[in-house]
Amino acid sequence: MTTQPQSRTHALTALRLYFPANSRARPTRFWHRLSAPALAQHLLAVARRAGIQQALLYQIGSGYLPGERLSHHHLEGHALRHPQCLELLDSEARLRAFMQEHAEELRKVRAVLFACELPMSAGEPGSSAGT
């Protein structure tokens, strides 16, 4: 028995956004001019409003961004240039539309877009969920 490949309309794509922890979103309200919101929190909120299927903000233990020094996460705080990673999962078309809509805010963000393996659910051949 052979399985038919699923169409790309059901495939998930991941968009990973890498940026420094001190990155700020563009001020949109009066109070933002006094203290602009953190870019990570802003992008999480707009991804939710845009209907993106899943969004995860990863806590990075150690790492560096291009042109920066290696930094490590500390409980008392972290370096201002410590890297953060926000991962969004949805269709490629929706993620590309999200990137275009927020291009100004993503200007200094390193974005990596890649296709995901199809998720396996219970009852599918090869799934270990039911065993």
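Does Gln-84 fall in the buried or the exposed class, or what else does its relative accessibility make it? At 17% relative accessibility, Gln-84 counts as buried, because buried means under 20% relative accessible area, exposed over 50% and partly exposed in between, with a 1.4 Å probe and protein chains only.**Ground rules.** This is a predicted model, in which local features need pLDDT of at least 70, side-chain atom pairs count only at pLDDT 80 or more, and totals for chains, interfaces and linings use all residues. Residues are numbered from 1 along each chain as its sequence is written, and side-chain values use heavy atoms, with hydrogens and water left out.

**Stop 1: Gln-84.** Select Gln-84, which lies in strand E5. Helices (H or I, at least four residues) and strands (E, at least two) are DSSP runs, numbered from the N terminus. Now show the contacts of Gln-84, meaning heavy atoms within 4.5 Å. Leaving out residues up to four places away in sequence, Gln-84 touches Leu-17, Tyr-18, Phe-19, Pro-20, Ala-21, Ala-40 and Ile-60.

**Stop 2: strand E5.** Extend the selection to residues 83-90, strand E5. The strand is mostly covered, with 8 of its 8 residues buried. Pro-83, Cys-85, Glu-87 and Leu-89 point one way. Gln-84, Leu-86, Leu-88 and Asp-90 point the other way.

**Stop 3: the partners of E5.** Two strands pair if DSSP finds at least two bridges between them. Add E1, residues 13-20, which pairs with E5 in the antiparallel sense over 8 bridges. Then add E2, residues 54-58, antiparallel to E5 over 5 bridges. Center on Glu-87. Arg-16 stands opposite Glu-87, and so does Leu-56.

**Stop 4: the core.** A nonpolar core is a set of buried Ala, Val, Leu, Ile, Met, Phe, Trp, Tyr and Cys residues joined through side-chain atoms within 4.5 Å. The largest one has 16 residues, of which Leu-17, Phe-19, Leu-43, Leu-88 and Phe-98 touch the most other members. E1, helix H2 (39-49), E5 and helix H3 (92-101) each give two or more residues to this core. H2 supplies the largest share, 5 residues.

Pick Leu-17. Beyond four places in sequence, Leu-17 touches Leu-43, Gln-84, Cys-85, Leu-86, Leu-88, Leu-106, Val-109, Arg-110 and Ala-111.

**Stop 5: two cysteines.** Select Cys-85, which is buried at a relative accessible area of 2%. Next, go to Cys-116, which is partly exposed at 22%. How many disulfides does the structure hold? It holds 0 disulfides, a disulfide being a pair of cysteine sulfur atoms within 2.5 Å.
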